[in-house]
Amino acid sequence: MQRISAFLLLFTVLLLPAASAADRASRWHTVWRVSQAMLAGADAADAASSWGKNEANPLVRSGHTFSYGSLAIKLGAMSAGLAAQHYIVSKAPSKTPLFATTNLAAAAMLGIVAEHNMHVPRP
């Protein structure tokens, strides 16, 4: 998982300067789309690494352990956030860089959390 976090950081460092070159709007839109996929992947890795373990996050806790209820809450929150991004970007395209960088940062954070969860024993 440290490799995934390193990849996310390297991807951010290499891709974001390219987005500020010519065709800025279309490049940022591409970065934003890629960042959404990376966020979804990191969220899936976090859920997979948490499965069956005690859940410390009270926002996604539907029982004592991470299970289907927790997964539904987690997927619902991510889906709502991505849907809100699509709506806002369609109305205000100037917000695309903000959402792209936020998604990449959140994906890196979730990758680190997933790596941590891999070392937590199941109860």
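This is a short tour of the aromatic pairs in a predicted model.

Start by selecting Trp 51, Phe 66 and Tyr 68 and showing their side chains as sticks. Together these three residues make up one aromatic cluster, and the pair count for the model comes to 2.

Next, keep Trp 51 and Phe 66 on screen. Their rings meet edge-to-face, with 5.9 Å from centre to centre and 70° between the planes. That angle counts as edge-to-face because the cut-off is over 60 degrees. Now colour helix H2 (24-50) and helix H3 (68-91): both Trp 51 and Phe 66 sit in the loop between them, so this pair ties together parts that are 15 residues apart in sequence.

Switch on a surface and look at the same two residues. Is Phe 66 buried or exposed? Phe 66 is buried, at 2% relative accessibility. Trp 51 is partly exposed, with a relative accessible area of 29%.

Now swap Phe 66 for Tyr 68, leaving Trp 51 selected. Here is the other edge-to-face pair: Trp 51 and Tyr 68 are 4.9 Å apart centre to centre, with 75° between the planes. Trp 51 is in the loop between H2 and H3 while Tyr 68 belongs to helix H3, so the pair links parts 17 residues apart in sequence. With the surface still on, check Tyr 68: at 66% relative accessibility, this residue counts as exposed.

To finish, bring back all three side chains and view the cluster of Trp 51, Phe 66 and Tyr 68 as a whole.

Key
Residues are numbered from 1 along each chain as its sequence is written. This is a predicted model: local features need pLDDT of at least 70, side-chain atom pairs count only at pLDDT 80 or more; totals for chains, interfaces and linings use all residues. Side-chain values use heavy atoms; hydrogens and water are left out. Rings of Phe, Tyr and Trp (its six-membered ring) pair if their centres lie within 6.5 Å; planes under 30 degrees apart count as stacked, over 60 as edge-to-face and the rest as tilted. Helices (H or I, at least four residues) and strands (E, at least two) are DSSP runs, numbered from the N terminus. Buried means under 20% relative accessible area, exposed over 50%, partly exposed in between (1.4 Å probe, protein chains only).
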